[in-house]
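User: I would like to go through this structure by way of its sheet, its cores, its largest pocket and a few single residues. Please keep each answer short and end on the item asked for.

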Amino acid sequence: MIWRISNRATFQLLARSGARARQGPIAVRFLRVDPTAPPRVAYTVSRRVGGAVVRNRVRRRLRAGVQLHRAMLVDGAAYLVSAEPEAARTESVELHRAVHDVLAKARATLMNP
């Protein structure tokens, strides 16, 4: 199960002290928050990516990629997944591969502090 990040404090904590990983058009900020909770994920797609329709499409594709590779998520961690403008022009297979790779980098960092 993947929970959504809904409180401002977690967003601020991610922005202040979260580690970063990047792969292609995908970036993720992450940190361990509560070891007893399932992983929590939030998505951010800026206006630089495109209009509302394009941003929502990219956000849905990011969600699908994270869901597909949910085994890479670490329990108790919070993730903020973001996309660069080229994500809107990237094929789904490549986007999902980038999501997998960036989550693998985050997992390696979280498992070996």
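User: In what order do the five strands of the open sheet lie?

Analyst: The model is predicted. Its open sheet has five strands, and their pairing is mixed. E1 and E2 (19–23) are the edge strands, each pairing on one side only. The order across the sheet is E1-E4-E5-E3-E2.

User: Which residue in E4 is the bridge partner of Trp3?

Analyst: E1 pairs with E4 in the parallel sense, and two bridges hold this pairing. Within E4, the bridge partner of Trp3 is Arg40.

User: Which residue in E5 stands opposite Val41?

Analyst: E4 and E5 run parallel and are joined by six bridges. E4 is also mostly covered, with five of its six residues buried. Opposite Val41, in E5, stands Tyr79.

User: Which residue in the hairpin of E2 and E3 takes a positive phi near 60 degrees?

Analyst: E2 and E3 run antiparallel and are joined by five bridges. Ala21 stands opposite Val28 in E3. The hairpin has two residues between the strands, and the residue with a positive phi near 60 degrees is Gly24.

User: Which element gives the largest share of the largest nonpolar core?

Analyst: This core has 26 residues, and those that touch the most other members are Ile26, Val28, Leu62, Val66, Tyr79, Val81 and Leu103. Two or more residues come from each of E3 (26–32), E4, H2, E5 (77–83) and H3 (92–111). The largest share is seven residues, and it comes from H3.

User: How many residues are in the other core that lies apart from the largest one?

Analyst: Beside the core of 26 residues, another core lies apart from it. Its members include Ile5, Leu31, Ala42 and Ala78. The number of residues in this other core is six.

User: Which element gives the largest share of the lining of the largest pocket?

Analyst: The largest pocket holds about 200 Å³ of space. Its lining is made of Ile2, Trp3, Arg4, Ile5, Val41, Ala42, Tyr43, Arg59, Arg63, Val66 and Gln67. Strand E1 (3–4), strand E4 (40–45) and helix H2 (52–68) each give two or more residues to it. The largest share, four residues, comes from H2.

User: By class, how many residues in the lining of the largest pocket are charged?

Analyst: Nonpolar residues number seven in this lining, and there is one polar residue. Among the lining residues are Arg4, Arg59 and Arg63. The count of charged residues is three.

User: Is His96 buried or exposed?

Analyst: His96 is in helix H3. Leaving aside neighbours within four places in sequence, His96 is in contact with Arg61, Ala64, Gly65, Leu68 and His69. Its relative accessible area is 19%, and buried means under 20%, so His96 is buried.

User: What distance separates the C-alpha atoms of His96 and Ile26?

Analyst: Ile26 is one of the residues that touch the most other members of the largest nonpolar core. Along the chain, His96 and Ile26 are 70 residues apart. Their C-alpha atoms are separated by 9.7 Å.

User: Which residues does Gly65 touch, not counting residues up to four places away in sequence?

Analyst: Gly65 is found in helix H2. Gly65 counts as buried because its relative accessibility is 0%. The C-alpha atoms of Gly65 and Ala98, 33 residues apart along the chain, are separated by 8.8 Å. With residues up to four places away not counted, Gly65 touches His96 and Val99.

User: With which residues is Thr90 in contact, leaving aside its neighbours within four places in sequence?

Analyst: Thr90 has its place in the loop between E5 and H3. Its relative accessible area is 14%, so Thr90 is buried. Leaving aside neighbours within four places in sequence, Thr90 is in contact with Pro25, Arg61 and Leu95.

How values were computed
Residues are numbered from 1 along each chain as its sequence is written. This is a predicted model: local features need pLDDT of at least 70, side-chain atom pairs count only at pLDDT 80 or more; totals for chains, interfaces and linings use all residues. Side-chain values use heavy atoms; hydrogens and water are left out. On a 1 Å grid over the protein atoms alone, a cavity is a set of points where a 1.4 Å probe fits but cannot get out, and a pocket is an open set with protein on both sides within 12 Å along at least five of seven lines; lining residues have an atom within 4 Å of a point. Grid points are joined across faces, edges and corners, and a volume is the space filled by probe spheres set on the points. Ala, Val, Leu, Ile, Met, Phe, Trp, Tyr, Cys and Pro count as nonpolar, Asp, Glu, Lys and Arg as charged, and the others, Gly among them, as polar. A nonpolar core is a set of buried Ala, Val, Leu, Ile, Met, Phe, Trp, Tyr and Cys residues joined through side-chain atoms within 4.5 Å. Buried means under 20% relative accessible area, exposed over 50%, partly exposed in between (1.4 Å probe, protein chains only). Contact means heavy atoms within 4.5 Å. Two strands pair if DSSP finds at least two bridges between them.
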